[in-house]
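Subject: Structure for you to look at

Dear colleague,

I am passing on the structure we spoke about, and below it I have set out what was found. Please read the notes with the model open beside them.

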Amino acid sequence: MEDIQYRRTEGILYRHFKKIKRIERLKYDIENTKQTIHKIQQDLRNVNVELSDCVKAIDYSQDRVQSSIVTSSAVERELERITNKLLNELKYKIQRKYKLKARLRKIEEDVKRIEKILSDLTEEEMQIVELRYSEHRTNRAIEKILYMEGRPSSYVSIWRKKNKIIEYIYSQLK
């Protein structure tokens, strides 16, 4: 196996475990966005808005002549402005939710493809892959962990097994 192919396959494994972590963050973001959408919808449904202090009620103690053509009151205009703002925010959050879901589906497809290949590995091989590419452990650290679990292993055997695993994964990706 050429060095470039080896490094690319290792890169695929590193990215695979990063994607698994990314899936959890995307699920959290989607759930957060759903809650925000629900809150905005409740605010719109219940007209739960605060008007600015400059908007005051009509003072009936004085006679006033309306000099403008505007037929709506300042309170109505303020409510309309706030409602439009909430509707725009709701629209943005809904679009964000669908974009996050699309991104999540794409990443899950990529992860499933690699998971299928990794499912053919033995338990020890899978442990080596996880320690190396998910936890970024060195071959020496992997050797110590496997030795502590009662499996006799050496640095060279870990290195050979890792190379064998990389070659297998590369052959499956072709």
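Helices here are DSSP runs of H or I with at least four residues, numbered from the N terminus. On that basis W159 belongs to helix α5, which covers residues 155-173. Please keep in mind throughout that this is a predicted model.

W159 is partly exposed, its relative accessible area being 43%, and together with Y155 and V156 it makes a nonpolar surface patch of about 270 Å².

Turning to the aromatic rings, the structure holds 1 aromatic pair. That pair is formed by Y14 and Y133 in an edge-to-face arrangement, with 4.9 Å from centre to centre and 75° between the planes. Because Y14 lies in helix α1 (residues 3-46) and Y133 in helix α3 (residues 123-134), the pair ties together parts that are 119 residues apart in sequence. As for their surroundings, Y14 is partly exposed at a relative accessible area of 25%, whereas Y133 has 2% relative accessibility and counts as buried.

Another ring contact involves a charge: the charged end of K97 sits over the ring of Y98, at 5.1 Å from the centre of that ring.

Finally, the unreviewed UniProt entry lists residues 23-50 and 97-124 under "coiled-coil region", an annotation that may be inferred rather than shown by experiment. In the model, the chain over residues 97-124 is 86% helix and 0% strand, and the C-alpha atoms at the two ends of this stretch are 39 Å apart.

With best wishes

Key
Residues numbered from 1 in each chain as written. Predicted model: local features only at pLDDT ≥ 70, side-chain atom pairs only at ≥ 80, totals over all residues. Heavy atoms only, no water. Phe/Tyr/Trp six-rings, centres within 6.5 Å; stacked < 30°, edge-to-face > 60°. Buried < 20%, exposed > 50% of the residue type's maximum accessible area, 1.4 Å probe, protein only. Lys NZ or Arg CZ within 6 Å of the ring centre and 35° of its normal. Patch = residues over 30% accessible without salt bridge, like charges linked within 9 Å, V, L, I, M, F, W, Y side chains within 5 Å. Areas by Shrake-Rupley, 256 points an atom, 1.4 Å probe, with all protein chains shown as cover. Salt bridge = Lys/Arg side-chain N within 4 Å of Asp/Glu carboxyl O.
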